[in-house]
Amino acid sequence: MNVLLTGGTGYLGSHTAVTLSDIGHTVVLLDNLTNSSACVPDSLREITGASLPFIEADVGSTEAVASVLKKYEI
């Protein structure tokens, strides 16, 4: 299942991403990096062995969220 994880590069989001990836989901990270770092997706790739798509955008952007939902078939 494809899962959009908003806040995916934050503390809770990154831990959730690892768990979801470990149980077989394809995780797409969406974050505006206000309280996190752009290096988190690289760290997640090292932990999970999977390259998780990362989109830098604000969840309040209807256009950005709609685009991600469509592109990744979430």
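Helices, taken as DSSP runs of H or I with at least four residues, and strands, taken as runs of E with at least two, are numbered from the N terminus, and Ser14 has its place in helix 1. The model is predicted, so local features need pLDDT of at least 70 and side-chain atom pairs count only at pLDDT 80 or more, whereas totals for chains, interfaces and linings use all residues. Residues are numbered from 1 along each chain as its sequence is written, and side-chain values use heavy atoms, with hydrogens and water left out.

**Stop 1: the sheet**

Begin by selecting the strands, which form an open sheet of 3 strands in the order 1-2-3 with parallel pairing; two strands are said to pair if DSSP finds at least two bridges between them. Strand 1 and strand 3 (54-56) stand at the edges with a single partner strand each, so one side of each has no neighbour in the sheet. Direction ignored, neighbouring strands of this sheet are turned by 20° against each other on average; such angles run from 0 to 180 degrees between N-to-C directions, and axes are lines fitted to C-alpha atoms, for helices over the stretch in contact.

Next, show strand 1 together with strand 2 (residues 26-31), which pair in the parallel sense over 5 bridges. Asn2 has Thr26 of strand 2 as its bridge partner, and Val3 stands opposite Val27 in strand 2. Colour strand 2 by accessibility, where buried means under 20% relative accessible area, exposed over 50% and partly exposed in between, computed with a 1.4 Å probe on protein chains only. In strand 2, 5 of the 6 residues are buried, so this strand is largely enclosed by the rest of the structure.

Now add helix 3 (residues 62-71), which lies across strand 1, strand 2 and strand 3 and runs at about 160° to strand 1.

**Stop 2: the strand 3 edge**

Select Glu56, whose place is in strand 3 and which, at 56% relative accessibility, counts as exposed. Leaving aside neighbours within four places in sequence, Glu56 is in contact (heavy atoms within 4.5 Å) with Asp31, Asn32 and Leu33. A distance drawn from Glu56 to Leu44, 12 residues apart along the chain, gives 16 Å between the C-alpha atoms.

From Glu56, move to Leu33, found in the loop between strand 2 and helix 2 and buried at a relative accessible area of 18%. Leu33 has a positive phi of about 65° although it is not a glycine. Most residues other than glycine have a negative phi. Glu73 also deserves a selection here, with a positive phi of about 50° although it is not a glycine; Glu73 has its place in the segment after helix 3 and counts as exposed at 67% relative accessibility.

**Stop 3: Thr9 and Ser36**

Return to the loop between strand 1 (2-6) and helix 1 (11-22), where Thr9 lies, buried with a relative accessible area of 3%. Not counting residues up to four places away in sequence, Thr9 touches several residues, among them Leu29, Asp31, Val40, Pro41 and Phe54. The side chain of Thr9 makes a polar contact of 2.6 Å with the side chain of Ser36; a polar contact is a pair of N or O atoms within 3.5 Å, of which, within protein, one must be able to donate a hydrogen and the other to accept it, and residues adjacent in sequence count only if both atoms are side-chain atoms.

Ser36 itself lies in the loop between strand 2 and helix 2 and, at 23% relative accessibility, counts as partly exposed. Beyond its neighbours within four places in sequence, Ser36 is in contact with Thr9, Gly10 and Asp31. Ser36 and His25 are 11 residues apart in sequence and 23 Å apart in space, C-alpha to C-alpha.

**Stop 4: helix 1 against helix 2**

Finally, show helix 1 with helix 2 (residues 40-48), whose axes come within 10 Å and cross at roughly 35°. In helix 1, Ser14, Ala17, Val18 and Ser21 meet Val40, Leu44, Ile47 and Thr48 of helix 2. By class, this contact has 5 nonpolar, 3 polar and no charged residues, where Ala, Val, Leu, Ile, Met, Phe, Trp, Tyr, Cys and Pro count as nonpolar, Asp, Glu, Lys and Arg as charged, and the others, Gly among them, as polar.

End on Ser14, which is buried with a relative accessible area of 12% and whose side chain reaches the backbone oxygen of Tyr11 at 3.1 Å. Not counting residues up to four places away in sequence, Ser14 touches Gly8, Val40 and Leu44.
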